[in-house]
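Student: I would like a close look at one part of this model, the way its strands pair with one another. Please take it slowly, and then tell me what lies elsewhere in the chain.

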Amino acid sequence: KRCCLSLVEQGAPGSPIPSAERKVPKSPFVGPSSQKLVAFRKLIEANNIDEVRTMIQQNPRYLISSGDTPTILKEGPRYNALHITAIEGRSDICRLLLQTIGNPSYIELLHGQRTSSTDEVTAILLDLYLNTPDKCRNETPLHFAAKLGWVAVVKELIAFPQCQVKPNADGLYPREIICSRAKPINNTPEIRDAIAALLQENFFVPVIRTEDNSLPPIVGEPFSPTNPPKLNEPRDKLTARREITAYAGPMDYEKAQRFCKRWKTPPRLRIIGGSKVQSEGKLAELRQSSTPIKATARRLFANRSFDGRLEEGAGGGGGGEGQKQRNLCNNNTLLDSSLDESVAETIDEKLAPDDNGNHLRMNTVPYTPNRLFFSYRNHLANNSFDTDGSYCDNELDDGNLSYVCDETQTLYGKSNVTESPSFKERSIRLADPSKGIETIGRMLAKKEQIGWLEYWKCLGIFCDLEEAMGLLMLEQYLARKRQQQAGGEDVRSEDSVGGES
């Protein structure tokens, strides 16, 4: 018996792990008493945001109970802090609570260390705060905000895709009880319409990236909380895991589609040369084909051994065979009908056939397909199309070219075309692969006056650093880093003194 006990104490193979090793480290924070929880609830009802922020930073137990669930502030209906903010209409405190709870560093502060389950616990806690019903009528914070007419609180709640729209005990959804218990000051047609618009099915437009950035980021298709995007297919085991790193919303489906299309495609520039403006019909034709219109046949790409046989057949001795080859040449898909005859003759003069029928330049430098293509493209750059559709040489000078932005209707010249939205957005995407697409999305969201949240790895949370709450979290993070660096310097200085002694 003594031997068996010693084996269990030493952790013999197959023996259960001692409970002391399984136990989660005890939190250094003590749960507040009932009187302190009542005082905390009174601060929320009085909209004292500074005192609320101080209390939840000093002791996370005001928001998180011992079981990592929302702390109950009113025992009868079992209201948590978010229920209180939704009932009283405290939108600023609502934003503070949601951003604090959604930050994994808050769970890390509570338990004194970061574990592999910290992010999972954070996600579960945020879901519980947003979607936990009360005990009386099975109503979530969204029900309270809708029926009491608090537009700003509804907007804060639905800004999180995790917020679910569920029925209460009577089977009524939040959109069916709008302003049903609101005070007269909140029960107006404008407020009812605003809440109804917010409670329509909401859509978000995401940025999707891979964990290791092995693939370029993309703007995803609009999604709703009831139909979330499928980021990782079960069968796709080789590609890196994809995740949402930012999103714009909420908005209705049509607006989400327009926003997604605009985010993917920068505004176009229309060309104006001299006093002639390209007509929309002509521009539509030019977008379908990169080659000019109304021109004679030309030869573009370079293995010209077949063309050499055509020339031999056409030159003499075999008129019938030469005519057949010429007819075949007219139907050949490699021959385009968009290069000026003078250009083709100039190219022919610069080429000479070798023993195999391939054509080389006269100075023996191979005239490759790429070189021939760029010669053709440079030739096009020095020409323009008139409004009649004819191909004109040197009609417009490069200095006379101007551009009009389709979106802003602003005129740009050759000197300031780099200030156009199209050029700026493309430059941002190329110059900043880590955050460029998010920068553009943030600008568009601000212009369209819709919500924007972005994941910052250093903070471990989705937030907008242009808002006061995001800046506050960044300042707190920087303050913690300074304290850590100062503590490290003190330790190193003590070690150096000890070594000298």
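Tutor: Two strands are said to pair if DSSP finds at least two bridges between them. Please keep in mind throughout that this is a predicted model. The protein chain holds 20 helices and 15 strands, and 38% of its 501 residues count as buried.

Let us begin with a small pair, where the idea of a bridge is easy to follow. Strand β12, made of residues 401-405, runs antiparallel to strand β13, residues 411-412, and two bridges join them. On β12, Y403 has Y412 of β13 as its bridge partner. The two strands form a hairpin with five residues between them, and within that turn Q409 has a positive phi of about 55 degrees.

Now we can turn to the part you asked about on a wider scale. In general, strands of a sheet pair through backbone hydrogen bonds, in either a parallel or an antiparallel sense. Here, five strands make up an open sheet in the order β2-β1-β3-β14-β15, and the pairing is antiparallel. The edges are β2, residues 218-219, and β15, residues 461-463; each has a single partner strand, so one side of each is left without a neighbour in the sheet.

Starting from the β2 edge, we find β1, residues 203-210, which pairs with β2 through two bridges in the antiparallel sense. In this pair V207 faces V219 of β2, the two residues standing opposite each other.

Moving on along the order, we come to β3, residues 242-251, which is joined to β14 by three bridges and again runs antiparallel to its partner. Here A248 of β3 stands opposite W452 in β14. Strand β3 also carries P250, and the peptide bond that joins G249 and P250 is cis, with omega at about 5 degrees.

Strand β14 deserves a slower look. Four of its five residues, in the range 452-456, are buried, so the strand is largely enclosed by the rest of the structure. Besides its pairing with β3, β14 pairs with β15 over three bridges, also antiparallel, and W456 has I461 of β15 as its bridge partner. These two strands form a hairpin with four residues between them, in which G460 takes a positive phi near 70 degrees.

With the sheet laid out, we can ask how the buried nonpolar residues are grouped. The largest nonpolar core has 55 residues, and those with the most contacts inside it are F40, L63 and L157. Helix α6, residues 91-101, supplies the largest share of this core, namely six residues. Separate from it is a second core of 17 residues, and this one includes A248 and W452, together with A256 and W263. You have met two of these names already, since A248 and W452 are the residues that stand opposite each other in β3 and β14.

To return to the larger core for a moment, L157 is in contact with L82, C94, L98, L130, P141, L142, A145 and C163, once its neighbours within four places in sequence are left aside. For the chain as a whole, among contacts between residues at least 6 apart in sequence, 63% join residues at least 24 apart.

Finally, some places outside the strands are worth your attention. D134 sits in the loop between α8, residues 118-131, and α9, residues 141-147. D134 is buried and yet has no salt bridge, for K147, the nearest side chain of opposite charge, is 6.9 Å away. The side chain of D134 does, however, reach backbone nitrogens: that of N138 at 3.0 Å and that of E139 at 2.6 Å. Leaving out residues up to four places away in sequence, D134 touches P77, Y79, H83, E139 and F144.

Two loop residues close our tour with an unusual backbone angle to look up. N47, in the loop between α3 (34-45) and α4 (49-58), has a positive phi of about 60 degrees although it is not a glycine, and with 34% relative accessibility N47 counts as partly exposed. R78, in the loop between α4 and α5 (81-88), likewise has a positive phi, near 60 degrees, in a residue other than glycine, and R78 is partly exposed at a relative accessible area of 38%.

Technical notes. Residues numbered from 1 in each chain as written. Predicted model: local features only at pLDDT ≥ 70, side-chain atom pairs only at ≥ 80, totals over all residues. Heavy atoms only, no water. Buried < 20%, exposed > 50% of the residue type's maximum accessible area, 1.4 Å probe, protein only. Lys, Arg positive; Asp, Glu negative; His and termini not counted. Salt bridge = Lys/Arg side-chain N within 4 Å of Asp/Glu carboxyl O. Polar contact = N/O pair within 3.5 Å; in protein donor to acceptor, adjacent residues only side chain to side chain. Contact = heavy atoms within 4.5 Å. Core = buried A, V, L, I, M, F, W, Y, C linked by side-chain atoms within 4.5 Å.
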